[in-house]
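Visitor: I have a sequence and a 3D model to look at, and I'd like someone to walk me through it. Could we go through it together?

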Amino acid sequence: MRRLVIRPGAIGDLIVSLPAIECLAADWLEVWTAPHNVPLVRFAAQVRAIPSTGLDLLGVTEPPAGLIEALRNFDSIVSWYGANRPQFRETVSALGLPFIFLPALPDDGAELHATDFYLQQVRGIAACPSDGIPRIECAVEPADYAVIHPFSASPRKNWPLEKYRALAEKLQRAMPVQWCAGEDDPPLPDAVRINDLYELACWLARARLYIGNDSGITHLAAAVRTPVLALFGPTDPAVWAPRGPHVRVGRWG
């Protein structure tokens, strides 16, 4: 069987759905995802950035040559993309393409962890045992430093920077502290900025400890099995906390 999985979204959205995507393994598994997430999908036969395929034009304007033929080559297309776009769904249905659409986000007020939510969705498509822990493998040697990433996609989820600075000052008595920031994060002097997410994952995998907010990078650190302290404010850790044997969650606010 040739299967395509289409998974848009931010870094954390991809990572919490990795166990579900792995459950969809087939003779040929291809994954289309957000451009920045492409390096993180290590188990598929092929991974493509959604904009490079022209998929976002389907149902809007004339799709690029070869897209429909490429989609017809799959026996199964499991898509978290387009679930809320009626015109897109109507277009692929009219073309007779084998799409299965899945809701991209848990409902508000959901009590089920996001990873279990995605696993529950795909178990109706492919039976597969999973412990529900996202994993990204990095073959690296451990190093002696802690990492602090004080940002996230939403300022309201960020523990105050001055509190991170006070924490870093205390932590430096035990080990060196490295600050981490993404290309879109605010200025932060001396912060390590690694744009390739797999390279960033492997740098995080070397750390003795990671501390950060409810963010995609915090999920990334947990997925490479670095000990993580995740600091949650307004979001619900019962749904969105990173998973792993070395994860601890703190609440603030």
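Visitor: Which side chain meets D131 in a salt bridge?

Guide: Quick note first: this is a predicted model, where local features need pLDDT of at least 70, side-chain atom pairs count only at pLDDT 80 or more, and totals for chains, interfaces and linings use all residues. Residues are numbered from 1 along each chain as its sequence is written, and side-chain values use heavy atoms, with hydrogens and water left out. A salt bridge here is a side-chain nitrogen of Lys or Arg within 4 Å of a carboxyl oxygen of Asp or Glu. For D131 the N to O distance is 2.7 Å, and the partner is R135.

Visitor: Is D131 buried, partly exposed or exposed?

Guide: Buried means under 20% relative accessible area, exposed over 50%, and partly exposed in between (1.4 Å probe, protein chains only). R135, the partner, has 35% relative accessibility and counts as partly exposed. D131 comes in at 47%, so the label is partly exposed.

Visitor: How many salt bridges are there by this rule?

Guide: Side chains of opposite charge can pair when their charged atoms come close. One pair is D131 with R135, and another is R208 with D144, at 2.6 Å from N to O. By this rule the count is five.

Visitor: Where in the chain does R208 sit, and where does D144?

Guide: This pair links distant parts of the chain, 64 residues apart. Helices (H or I, at least four residues) and strands (E, at least two) are DSSP runs, numbered from the N terminus. R208 is partly exposed at 43% relative accessible area, and D144 is partly exposed at 43% too. D144 is in the loop between α5 and β6 (146-149), and R208 is in the loop between α7 and β8 (209-213).

Visitor: Which residue forms a salt bridge with D116?

Guide: D116 belongs to helix α5 and is partly exposed, at 26% relative accessibility. The partner lies 127 residues away, in the loop between α9 and β10 (247-251), and is partly exposed at 23%. The closest N and O atoms are 2.6 Å apart, and the residue is R243.

Visitor: What do the buried residues of α5 pack against?

Guide: Helix α5 (residues 114-122) is mostly covered, with seven of its nine residues buried. Those are A114, T115, F117, Y118, L119, Q121 and V122. They pack against β1 (2-7), α1 and α9 (237-240).

Visitor: How many residues of α8 are buried?

Guide: Go through G216, I217, T218, H219, L220, A221, A222 and A223, and you find each one buried. Helix α8 is mostly covered, and the count is eight of its eight residues.

Visitor: Which residues have the most contacts inside the largest nonpolar core?

Guide: A nonpolar core is a set of buried Ala, Val, Leu, Ile, Met, Phe, Trp, Tyr and Cys residues joined through side-chain atoms within 4.5 Å. This one has 52 residues, and α1, β2 (28-33), α5, α7, α8 and β9 each supply at least two of them. Apart from it lies another core of 16 residues, among them I6, I50, V92 and L97. In the largest core, the residues with the most contacts are L204 and L220.

Visitor: Which residues is L204 in contact with, leaving aside neighbours within four places in sequence?

Guide: Contact means heavy atoms within 4.5 Å. Among the partners are I217, L220 and A221, which are also buried residues of α8. The full list is V147, Y210, I217, L220, A221, V224 and T226.

Visitor: Which residue just after α8 takes a positive phi?

Guide: Most residues other than glycine have a negative phi, and most peptide bonds are trans. This residue has a phi of about 70° although it is not a glycine, and lies in the loop between α8 and β9 (228-232). With a relative accessible area of 36% it is partly exposed, and its name is R225.

Visitor: Where does D190 lie?

Guide: D190 also has a positive phi of about 70° without being a glycine. At 75% relative accessibility, D190 counts as exposed. D190 lies in the loop between β7 (177-179) and α7.
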